[in-house]
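The following exercises are to be worked with the sequence and the coordinates at hand. Each task is followed by a stepwise solution.

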Amino acid sequence: MTVDGFAMTISDSEMDENLAWPVKTTTPVEATARMNRMYRRQRHIYDGTRRYYLLGRDQLIAGLKPAAGATVLEIGCGTGRNLTVAARQYPGAKFFGIDVSTEMLTSAIASITRHGLERQIRVAHGDATAFDPQVIFGVPSFDHVMISYSLSMIPHWQSVLERAASSLKQGGCLHIVDFGQQEGLPRMARAVLRRWLAMFDVTPRDNLEGALRRLADTRAARLRFERPFRGYAQYAVLTFPPRPKTA
C-alpha cells in the first residue's frame, strides 16, 4: 500500500487501528528509502544480533518506571523490541513508537501482535525531527520519551532532542542510550569499532552531553548523565520541571 506517496510494506490486515494508521507525515522519501534498503534483510536478524552490542537498553527500560496510565513514546522504535519488553514490564502504561523505516515497522507490528500487545502498543511511520503526536496518535504529549541507539544514525540528531523535549508533558522524562566515546577502551579497539560502526552509517555523538546540558539549561531541566561499559555507551535521563502548583 501507499501512504502519502510512501511505499509501505505493511499489509491492510496488519494496519490495525490499535497499531498504526495511514497518516500524513513529513518524513523525506529518501530517508525512508535509505533506511528500508539498509533494513530490508537485516530486520529479520536484527534482534538476534544487536543484543551483543546495543548495550544499556534494558537499563533504560528499567529506569522508565512509568506510573499506571502513563504514556511512553519511543523515537526510532525499529523492530519494536524495546516496546514489547517495556510493555510486558509495565502493563499499566501505554506505549507508542515511531520509525522512519516501514520495513522495521513491519517487523514491529508482527512482534507486537505475536506478543498479544496490540491494546498496549501503537506504532506509526514518522520523522523523528518533525513528528506531531497529536496527528499521528491523537496524543498531545507523553510522560516519557525514550531514544535507544537512534541519535547516532540521524544526521539532524539535535533536532530530534528538541522535538522529543517538546513532546513531553510538564514533569516528563527523556531517556537516552546510545554509543559513547569508548574512552575506556584500548585505542586500537576504539578505532576498529568506529570503522565498523561507520559501515552502518552510525556516528557516535561525542557532544551529546553538551547538547543535553544546553537543553537542560534552556528548559530548567535536571540532567543525569553516565558513561557505562567503560564509555562504550552514553546513558542520560533529562527530567523536566513539573507543573507549578496552584494556590
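Does Trp196 count as buried, partly exposed or exposed, and at what relative accessibility?

**Solution.** The model is predicted, so local features need pLDDT of at least 70 and side-chain atom pairs count only at pLDDT 80 or more, while totals for chains, interfaces and linings use all residues. Residues are numbered from 1 along each chain as its sequence is written, and side-chain values use heavy atoms, with hydrogens and water left out. Step one is the scale: buried means under 20% relative accessible area, exposed over 50%, and partly exposed in between (1.4 Å probe, protein chains only). Step two is the value: Trp196 has 31% relative accessibility and therefore counts as partly exposed.

**Exercise 2.** Classify the pair formed by the rings of Trp196 and Phe200.

**Solution.** Rings of Phe, Tyr and Trp (its six-membered ring) pair if their centres lie within 6.5 Å; planes under 30 degrees apart count as stacked, over 60 as edge-to-face and the rest as tilted. Five aromatic pairs are found in the whole structure. For Trp196 and Phe200 the ring centres are 5.3 Å apart and the planes stand at 65°, so this pair is edge-to-face. Phe200 is partly exposed, because its relative accessible area is 22%. Elsewhere, Phe96, Phe137 and Phe142 form one aromatic cluster.

**Exercise 3.** Describe the surroundings of Val237.

**Solution.** First, locate the residue: Val237 belongs to strand S9, residues 233-239 (strands are DSSP runs of E, at least two residues; helices are runs of H or I, at least four; both are numbered from the N terminus). Second, assess its exposure: Val237 counts as buried because its relative accessibility is 11%. Third, list its partners, where contact means heavy atoms within 4.5 Å. Neighbours within four places in sequence aside, Val237 touches Cys173, Leu174, His175, Arg222, Leu223 and Arg224. Finally, the C-alpha atoms of Val237 and Val177 are separated by 9.0 Å, although these residues are 60 apart along the chain.

**Exercise 4.** Set these details against the whole protein, and state which stretch has pLDDT below 50.

**Solution.** The protein has nine helices and nine strands, and buried residues make up 54% of its 247 residues. Of the contacts between residues at least 6 apart in sequence, 73% join residues at least 24 apart. The mean pLDDT (the predictor's confidence in each residue, from 0 to 100) is 84, and 77% of residues reach 70 or more. Over residues 1-27 the pLDDT is below 50, yet this stretch has 71 contacts in the model beyond near neighbours in sequence. Where pLDDT is low, the predicted coordinates should not be read in detail.
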